[in-house]
Each structure stands twice: as structure tokens, then as C-alpha cells.
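User: I'd like to learn how to read a model like this one, feature by feature. Could you show me the general idea each time and then the case at hand?

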Amino acid sequence: MENKKPNKVKQVLVAIGTFIRDFLFKTRFLWRRIGFALITLLLATIFGFFLIKMMLGDPVTMFAKRLSDERRIPMDEAYRLATMLLNYDPNATVWQQFGRYVSGLVKGDFGTSMYRNDVTVTVIIKNFLPWTLFISSLALLLSFLIGILMGGRMAYKRKGFFNAGANSFIVVSGAVPDYLWGMILIFIFGVTLRWFPIQGNYDILLELKGWPFITNVLYHAFLPIIAFSIVQIGGWALAMRGSALGVLGEDYIYAAKARGLGERTIVSRYLRKNSLLPLITSLAMSFAVLFGGSPLMETIFNYPGFGSEFSKAIGTRDYFLIQGLMVFMSFVMILANLIADSLYSIIDPRIRRDNT
Amino acid sequence: MRRISKFAFALVTFLMISGCGTRTSNTTGEINPDDYVFRVNKTWDRTGIRNHYHGGSNIGPIEWLSVEPLVQYVRSTDELHYLLAEEIIHNDDHTSIIKVQKNAKWHTGEDFTAEDVIAFFHINFVSVTNYIAKPLEEIDNKTVKITWKTWMEPNANVKNLLLAETKVGSVQYSVFKTVVDRCQEILRSQERAPEGYNDWAPFGYINSKASETLYMENYNTFRAMNPKTFVATGPFKVERVTQNQMVLLRNKDYYFADNVKFGTVLGYNTPDINGIYNLLSTDKIDYQDGLAPEATLNSILNQNPKLTHLKMFDPGAIGLVFNLEKEIWTPKVREAFQYIFNREEMKNAGNKYGITSSFPLVGMAPSEAKAWMKESDYARIPTYTYDQTRAAQLLTEAGWTKSGGKWMVGGEQVKLSLGYDGSHPGMSGVAEGVSSTLNTFGIELVLKRAADFGTWFDTAKTQESVYDFVVNWTDLNMSFSYPTGSFNYVLNDINGPIMHLQYFTQEDFDNGVIDDERLIGKPKLTLPKADGSGETFRISEYLPTMYSLTEEELHARLADMVLGLASQNFGLSFYQNVTGSFLNKDLIATLPLQEHIAQNRNVTYVPEVGSDDFFAVARTNLWFSQGIVFSKGYYEPRP
């Protein structure tokens with residue numbers, strides 16, 4: 001009786017140990033990827049820090065120039081003021097700065113603007129990322145939707161007017177950069193026809209609530225979303241066409257045709273659904289890319305997004321913000337890669353086996 | 001597919017109908033300010049603004065329309081407009097009396113008092129405080145006394161301008177009491193400056209390293225403060241601010257309330273130049289300062305028939321500045337370069353509306369030199385014509401030879417690199433023009449475009465810079481026109497480091513080259529005096545006392561400096577810059593130059609220095625006049 005208790009504990013401990021060992025063994029592919037992800041993040045952080053240090057342009061002089069322009073004060077006065085206002089010690093060595101940077105990151109502090117101590121990376125993410133994600137995710141979904149419809153039809157009907165038209169559209173939309181589409185749309189629908197606003201995210205004269213506000217936000221987002229979408233549609237259409245062409249050779253398609261099902265039913269129920277699977281993972285990866293925003297497009301539409309703030313930080317040599325925003329974007333990309341990689345491994349055991 | 005198309009069409013139509021429902025328009029009939037909206041673009045921090053001028057954020061139109069100085073000067077004309085100060089009296093006993101407007105109030109409704117004036121100067125040690133001998137005194141609730149340092153007392157004109165340079169209506173004592181009091185405490189704990197001490201000593205106290213640290217800590221606390229409402233006294237109150245737009249409403253308690261004829265100012269935050277052009281073309285804004293390339297400017301005016309564009313002098317000239325570190329720039333070569341260029345063509349490449357200059361680098365823009373120098377001295381400034389034969393002759397005298405159409409020196413083909421700030425359209429145009437001229441003339445030129453000012457300046461001032469010479473302002477006055485700012489720009493702040501002028505070092509002091517430690521870091525340059533005596537003067541000894549000169553002394557000093565600099569050919573000016581303002585002529589009834597506008601809305605006439613139009617047109621530039629047109633009632637809406 002007395003020996004039974006320790007045996008039971010021992011058995012439980014052994015069971016837990018075995019479980020942990022099995023879990024770690026089974027998920028070793030995942031841990032390896034997490035390890036790689038952490039190393040990549042570390043390298044990106046170090047690389048980013050030193051890359052930024054190599055940028056030309058002394059922030060004190062640049063800030064002084066800005067103050068001199070804004071306040072119409074002489075450069076010497078502006079320089080004195082700039083030195084007082086900057087949260088930056090130009091005399092600190094690179095290693096001291098690096099130490100401060102890393103210790104901040106460890107504490108979860110991505111960084112604070114050199115020019116204003118109330119502007120942190122977190123504030124920028126909170127204020128600007130939602131607007132970026134709003135237009136870019138809507139554009140992604142819209143382009144995905146149109147792309148798969150177009151690609152599916154192109155695969156099913158490989159001849160005819162539609163195919164030629166779609167192919168031409170893909171070539172043209174892919175060849176013209178997104179910002180140029182933005183400018184073209186602004187010129188036609190904003191400046192010439194004046195149907196849509198040429199910039200901004202909503203009208204300040206409206207109350208910040210209710211249906212009028214929502215429609216006004218959508219109204220302002222319309223042109224940026226279209227501009228973003230145009231360049232992406234072609235990519236999705238081609239991917240969908242490639243995938244659908246593979247599916248068209250499958251037995252169940254022939255069976256459906258043999259059963260006398262209509263074209264629309266075959267395309268929507270059999271072809272499109274089965275061709276979509278490989279595109280879903282690409283869609284997930286594309287979503288991660290959205291976090292970086294699109295500085296040029298956001299600038300053209302004067303949209304208060306993450307990308308335009310990032311480019312502004314670069315323009316003003318706000319080192320601390322640039323570093324923090326770069327780390328954040330690296331983190332999102334690496335995390336998205338990690339998730340996608342892991343999902344592949346979970347869905348397809350062959351990948352797991354190959355890697356282990 | 002068909003269903004999706006129908007849905008998309010319905011959505012677009014719905015958005016267009018419901019989204020564009022908000023529009024403002026001017027009513028007709030008698031002028032009621034509340035009916036009139038003035039729309040303007042000026043950028044601010046999208047991350048949000050702090051509710052005071054000193055919070056560190058860029059505050060956009062609030063700076064023009066809400067935050068006021070005692071006296072406002074208009075850039076380029078130095079015209080003074082009394083705002084928060086009702087009167088400033090300069091006495092013979094080295095004191096001045098500031099009488100504050102009786103009805104001036106903060107936007108919170110509290111009185112603007114002498115205490116607030118003192119609070120401003122005692123927490124912001126702006127330039128003028130260095131000329132003041134002791135802390136400001138409150139005579140009564142609305143009167144402040146300034147006691148000037150006798151040994152560096154500015155003349156009356158400069159006193160006004162120095163006082164006008166600061167936005168005094170930005171520190172409400174009752175709001176910032178703790179930091180202002182702390183600042184006073186630190187100030188009074190410092191050592192007093194002895195008589196004759198002309199280094200930095202605000203209110204006659206010498207800043208120690210320890211007190212600098214205390215000031216910084218205190219100033220950071222001050223910056224971080226964020227009162228509930230924006231601290232200001234001006235004609236418009238901040239109503240609402242978003243990332244892209246801002247609403248300012250007329251301040252009905254303003255001491256010049258009757259002058260303000262617009263009820264609302266709608267601000268846009270558009271930094272991108274093409275975005276600004278679109279706002280102008282689509283009638284979204286009523287004002288924008290600056291120029292546009294000729295074709296763009298005309299296209300904007302064609303698309304929006306309500307707009308006109310007026311031009312005014314920008315107190316700065318654009319040209320070439322030589323890097324004297326490079327051995328190639330011997331005096332003869334520098335002189336030769338004065339003749340190589342067709343300056344009219346260079347001007348057209350940079351700014352078609354500019355005024356061509358035939359001067360070398362002289363330290364003052366032509367319009368400023370004309371305004372401040374004695375006429376006879378101004379006439380002595382050397383002018384250079386387009387004469388490539390003369391240039392070739394001078395280069396030959398300098399030891400250059402020409403072979404196969406290419407200039408050689410020391411047996412090697414001359415190859416120069418020209419740096420310029422590519423973000424400045426005028427400078428980019430000039431760089432292209434210079435490249436074309438020099439390549440035709442036989443000097444191979446490599447253009448080095450920098451993406452922005454910071455990159456360009458860093459590259460230009462570094463030792464052994466890759467730039468042999470640069471396109472830049474050969475003189476520029478950012479502040480008031482009284483001659484000093486531009487000389488500082490040329491000799492100390494920007495062009496000095498680019499030219500690689502030599503500056504006094506600690507070693508010079510140790511070796512007895514200079515006997516005053518405060519000359520360390522100041523330019524070593526000595527120039528010949530203008531009187532032809534053969535004597536020279538040290539520029540570093542001239543500059544610090546510029547503010548204290550009588551008119552006669554100033555004339556003599558300017559002749560020495562301008563003609564002295566001209567004799568060195570450190571650079572050459574292509575044109576005096578001209579800037580402008582886009583204005584909605586249908587909204588503003590009281591614009592100057594109505595006859596010109598009626599003839600051509602792109603008004604190319606630049607009024608002569610000192611004429612009535614010169615003052616009236618400069619005021620239309622809100623960056624120059626900071627909203628005087630509203631507070632003084634120069635702008636009235638068209639009924």
C-alpha cells in the first residue's frame with residue numbers, strides 16, 4: 001500500500017513526460033520554424049538598425065530647416081530650438097543607441113518619435129493601420145473576387161471575345177503601376193468629372209457616426225480601392241485560370257458534363273470551388289503584405305495610412321520611428337510566413353516529412 | 001456575374017449620391033461673416049496636435065490664424081502690424097514699454113495680460129532675450145517694461161522686428177504657471193553677465209551647463225502639457241481637427257472682431273504637390289502660397305476660373321556656390337564662371353517668373369540689397385554679362401587649355417560634379433541648365449541629384465565632398481529683411497559649410513591667432529573694405545553688432561560686406577526668386593492689382609520694392625503675413 005502512491009506519481013510523471021516528448025517530436029517541424037523565424041526577426045532588427053544609421057541627412061539640421069521654414073525664424077535660432085526639442089542625443093555612440101533600441105524592444109517599446117514624445121510606433125499603428133487595412137483589404141477581396149470569376153471563365157471558354165478582352169486587360173493593368181492608375185482615376189473621376197473626392201478619408205463637416213459617416217468613408221475610399229484592385233485582378237485571374245485548367249481535366253468535370261449539367265452549374269459548383277483551394281493560401285499571404293501599406297498610393301490619395309506615415313518618417317529621418325515600424329513590419333511578415341508554412345505542413349504531411 | 005455588376009452599379013450610384021451630400025456655399029446679399037468659408041491647405045501632424053504652439057507638433061493653419069505675436073511683420077517687406085501690442089514705446093533710457101491690447105483675450109475667455117507676455121519670454125529664450133539686460137517687469141496689468149543691454153542695444157527698427165518674430169500669444173500664464181515659475185527660478189539662480197558680455201546671456205544671465213540641463217527638463221515638461229483647448233488669442237478658434245481636415249471658427253471675442261469677415265476656415269492637410277494642384281483645380285481651396293511650373297499654373301487657372309495668381313519677391317536668390325576646398329576654384333576660374341552662363345536662360349530653367357540677376361554671391365538678395373544699401377553703393381556691385389569669350393580668356397589665364405573642344409587643366413580633362421537638392425523644382429531646373437551650358441562650353445559635368453535637403457546638405461558639407469559646386473540659394477532671408485539673416489545664411493549656417501569656409505578653432509585661440517574665445521567657430525574670412533583704403537575687416541567681428549548700428553553705420557557696413565563678398569566670387573546668382581499666391585478672386589473682393597487680374601489671371605507683374613503694391617501683394621501671401629489679412633480686415637468676401 002505504501003509503495004503504491006509514489007508509483008502512481010511516477011506513472012503520472014512518466015505519462016506527462018512521454019506526452020511532452022511525443023508532442024515535441026510531432027511538432028518539431030513547428031519549433032524549428034519558430035526558431036528560424038526568431039533568428040530572421042533578430043537579423044532583420046539588427047540589419048534594419050544599421051541600415052538606417054547609414055542614411056544621409058542629419059536630423060538636427062533637417063528639423064532646424066523645417067522649423068526655420070514653418071516659423072520663419074533664422075537658421076541659427078531654429079537650430080538652437082531643434083536641439084532643445086529633439087528626443088535625440090547626437091553625441092551618443094552607435095552602440096549606445098543600439099543598446100537603447102534593443103532594451104526598448106525587449107520591454108515592448110517599439111520606439112518613440114525623435115520629434116514628439118507623444119508619438120510612438122504604437123500610436124501610429126493604432127491611428128493609421130486600420131485605414132490602410134480598410135482600403136487594402138477591401139481592394140484585395142474585390143480583386144480576388146473579380147479575378148477568380150474572370151480566371152474561371154477564361155479557363156472554361158478559352159476562345160472568344162471575353163478571353164481576348166480579359167487577356168488585354170491583364171496585360172495593361174499589370175504593366176501600369178498602381179500609383180499611375182491612382183493618378184489616372186483621380187484625373188478622370190476626381191478632377192475632370194468631379195464624381196468622387198480626390199483625397200482624404202472622410203469629410204470633417206459630418207458627424208462621426210451613423211450611416212452618413214459610413215457612406216462618406218466608402219465614398220472617399222472608392223477610388224483608392226479601385227486603383228489598388230485594378231493591378232491585382234490580373235494576378236488572381238491568371239492564377240485562377242492556371243488552377244482551373246488543371247481541374248478541367250478531372251474526371252468529375254467530365255462526369256458532370258456527361259450527366260448533362262448546365263455550364264453555369266459546372267463552373268460554379270465544380271470548377272470554381274475546386275480551383276479555389278490553392279488560391280486561398282495565396283490570399284492569406286497577400287493579406288500579410290497589406291500591413292506595410294502602399295506609401296505612393298496613400299500619398300496620391302492623401303489617405304491617412306500606415307505606408308504614408310512610414311514614408312514621412314523616412315523623409316524626416318525620424319530614426320526611432322523608422323526602426324520601430326520596420327521591426328513591426330518584419331514581425332508581421334515573418335509571422336505570416338510562419339503561419340502559412342505551418343498550415344501547409346499541417347494540411348499536407350508530405351511537406352512535414354520532407355522537412356524532418 | 002450579372003448580379004455582381006448590377007450590385008456594383010447600384011453601390012457606386014448610391015455612394016455618389018449619399019457621399020457627396022455635404023457642400024458649403026456662399027450666400028448672396030449683405031455680408032454676414034458666418035456665411036463665408038475660407039478654405040486653405042497647410043499641413044499639420046496627422047498623428048495629432050498638442051493644444052499649444054510649443055507642444056512640438058506642426059499645427060498647420062492654426063499657426064497663421066490663431067497664434068499671434070505682439071507685432072506682426074510681413075516677410076520681404078518688413079511692414080509692421082500691431083496685434084497683441086497696442087503700442088511699443090522705445091525710450092532714450094534703454095528701456096521700452098509694451099502696452100498690451102485692452103480687449104485682448106485668450107480663447108478661453110480670460111484676459112491677455114502683461115503676465116502672459118512675461119511668461120512667454122521667460123520660458124522661450126528667443127533671440128530678443130539676448131539683448132535684454134534683466135527680467136521683464138510688469139508695470140501694471142497691461143504694461144510691460146523691457147530694459148535693454150546698453151552695450152548691444154538694437155536700434156528701434158530691429159527692436160520691433162525682434163519682438164515681431166515671436167508668437168507671444170501662445171503662453172497663457174495661468175495654464176503654464178508651474179513651468180514658467182520654475183524657469184524663472186532657474187534663470188535667477190544663474191550668474192549675472194558682466195557689462196560688455198556679448199555672448200549668449202538671456203536677460204543678462206549666463207547659462208551654465210547645469211542650468212541648461214534644468215531648462216531642458218523644464219521645457220520638456222512644458223512641451224508635454226496638453227491643455228483642454230488650444231492656447232491662443234487669434235481671430236479663429238480651433239473647432240475640430242482630423243487627420244486630413246481642420247475647422248476653425250471665427251473668434252467672436254477677438255479684439256479686432258469687426259475686421260474678421262469670414263466665419264469659418266476649413267483647413268486641408270495635403271503635403272503632396274500634385275494633390276495641392278488638384279485641390280486648386282477642383283475649387284476645393286481658396287488659397288495656396290507658392291508657384292507652380294508655368295504650364296501647370298496656367299492649367300490650374302484654366303480649370304478653375306475663380307482663381308488668380310499674384311507674384312511677389314522672395315528674399316533670396318538662386319545660383320551656384322563653389323566648394324572652396326577644391327583646388328580648381330582659383331580666383332580666376334571663379335571669375336571666369338561668372339561669364340559662362342546666360343543667366344536669363346538659367347532663370348527660365350529655374351523659375352520663369354524670377355528676376356534675372358547679374359551679381360556674384362553678395363550675401364543679400366538683389367531686392368534686399370537695393371532696399372537697404374545706399375544707392376551709390378548698390379550701383380558699385382559688379383555685374384556680369386554672358387560672355388563666353390571673356391570666360392575662355394580668364395580660364396586660359398588660369399592655366400586651362402582647350403583641346404578637342406574640351407577644357408583641360410594639368411593635362412587632364414576637366415570634369416566637375418554639381419550637387420543639388422532634387423526635391424526643389426527650381427534647383428533641379430537650374431542644374432539641368434548648368435549641365436547643358438557647361439557641356440556645350442567644353443566642361444564635362446556630372447549632375448548629382450540628392451533626394452532631399454538633408455541628404456544634399458550632408459553630402460555638400462562633408463570634407464572631401466563629391467560635389468565640386470552646388471546649386472543653392474546664394475543668399476536667403478528666412479526671417480525679417482533687416483540685413484543679418486541672409487549674411488548668417490551665407491557665412492555661418494548653410495553656405496559657409498558648403499563653401500568649406502574656414503572657421504576659428506581652439507588651436508587658433510591657443511596659438512594667439514584670436515584673443516577672444518567666443519570667436520571659436522566663427523568664420524575666419526577677412527574682406528577688403530569698400531572705401532578703397534586697402535584695409536581689411538574680419539567678418540566675424542562685423543556680424544554680431546549689426547543690430548545696433550545707426551542708419552549711416554549700417555550703410556557703411558553693408559557696403560563693406562556686400563562689395564567685399566562680391567570681390568571674392570564665391571558663387572554667382574542666376575535670379576532673385578519670385579514666389580506667389582493662388583487666390584480665389586471670386587471669394588475675396590479686396591485683392592490688390594485688380595486691373596492686372598482683369599487682364600490676365602496669371603499676374604506676372606512683380607511690384608517694385610517700396611511701392612504700395614509691393615506691400616499689398618506681399619500681404620496676400622499668408623506665409624509671409626501670417627493671417628494679417630483677416631485680423632486687420634484686408635480681406636472682405638464678395639457679397
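User: Let's start with helix packing. How do people describe two packed helices?

Analyst: Two packed helices are described by the angle between their axes and the distance between the axes. Keep in mind that this is a predicted model. In chain A, take helix H7 (residues 161–175) and helix H9 (residues 210–248): their axes come within 8 Å and cross at roughly 130°. Angles over 145 degrees would count as roughly antiparallel and 65 to 115 as roughly perpendicular, so H7(A) and H9(A) are oblique to each other. The crossing of H7(A) and H9(A) is left-handed.

User: Which residues of H7(A) and H9(A) meet there?

Analyst: From H7(A) you get Ala166(A), Ile170(A), Ser173(A) and Gly174(A). Facing them in H9(A) are Ile230(A), Val231(A), Ile233(A), Gly234(A), Ala237(A) and Leu238(A). Sorted by class, that contact has seven nonpolar and three polar residues, with no charged ones.

User: Let me try the same reading in chain B. At what angle do H3(B) and H5(B) cross?

Analyst: Helix H3 (residues 114–123) and helix H5 (residues 173–188) of chain B cross at roughly 50°, with axes that come within 9 Å. Under 35 degrees would count as roughly parallel, so H3(B) and H5(B) are oblique to each other. H3(B) passes H5(B) in a left-handed crossing. On the H3(B) side, the contact is made by Glu115(B), Asp116(B), Ala119(B), His122(B) and Ile123(B). H5(B) brings Tyr173(B), Phe176(B), Val179(B), Val180(B), Cys183(B), Gln184(B) and Leu187(B). By class, the contact has eight nonpolar, two polar and two charged residues.

User: Now zoom out. How do I judge whether chain A is spread out or compact?

Analyst: Set the radius of gyration against what a globule rule gives for that chain length. Chain A has 15 helices and zero strands. Its radius of gyration is 27 Å, well over the 21 Å that the rule gives for 356 residues, so chain A is more spread out than a compact globule. The C-alpha atoms of chain A fill a box of roughly 90 × 85 × 40 Å along the principal axes. Of its 356 residues, 37% count as buried. Among contacts in chain A between residues at least 6 apart in sequence, 72% join residues at least 24 apart.

User: And what does the radius of gyration say about chain B?

Analyst: Here the value agrees with the rule: a compact globule of 639 residues would have a radius of gyration near 26 Å, and chain B has 27 Å. There are 24 helices and 24 strands in chain B. Its C-alpha atoms fill a box of roughly 80 × 75 × 50 Å along the principal axes. Buried residues make up 51% of the 639 in chain B. For contacts in chain B between residues at least 6 apart in sequence, 71% join residues at least 24 apart.

User: How should I read the place where the two chains touch?

Analyst: The size of an interface is often given as the accessible area lost when the parts come together. Here you can go by residue contacts instead: 45 residues of chain B are in contact with 49 residues of chain A. Several elements give two or more residues to the chain B side, among them helix H1 (2–19), helix H6 (209–224), strand E11 (245–250) and helix H15 (453–461). H15(B) gives the most, with six residues. By class, the chain B side divides into 13 nonpolar, 24 polar and eight charged residues.

User: Since H15(B) came up, how many of its residues are buried?

Analyst: Seven of nine, so to say mostly covered. The buried ones are Phe453(B), Gly454(B), Thr455(B), Trp456(B), Phe457(B), Ala460(B) and Lys461(B).

User: Last one: the backbone. What sign does phi have in most residues other than glycine?

Analyst: Most residues other than glycine have a negative phi. Phe203(B) has a positive one, near 55°. Phe203(B) lies in the loop between strand E8 (191–192) and strand E9 (205–206) of chain B. His500(B) isn't a glycine either, yet its phi is positive at about 60°. You'll find His500(B) in the loop between helix H17 (495–499) and helix H18 (506–510) of chain B.

User: Which of these counts as buried, and which as partly exposed?

Analyst: A residue is buried if 20 or more other C-beta atoms lie within 10 Å of its own. Phe203(B) has 24 of them, so Phe203(B) is buried. His500(B) has 18 C-beta neighbours inside 10 Å, so His500(B) counts as partly exposed.

Note on methods: Residues numbered from 1 in each chain as written. Chains lettered and ligands numbered in written order. Predicted model: local features only at pLDDT ≥ 70, side-chain atom pairs only at ≥ 80, totals over all residues. Helix = DSSP H or I, 4+ residues; strand = E, 2+ residues; numbered from the N terminus. Rg over C-alpha atoms; globule rule 2.2 N^0.38 Å. Buried ≥ 20, exposed ≤ 12 C-beta atoms within 10 Å, placed from the backbone. Contact = placed C-beta atoms within 7 Å. Nonpolar A, V, L, I, M, F, W, Y, C, P; charged D, E, K, R; others polar. Axes fitted to C-alpha atoms, helices over the stretch in contact; angles between N-to-C directions. Left-handed = near helix turned anticlockwise from the far one by under 90°.
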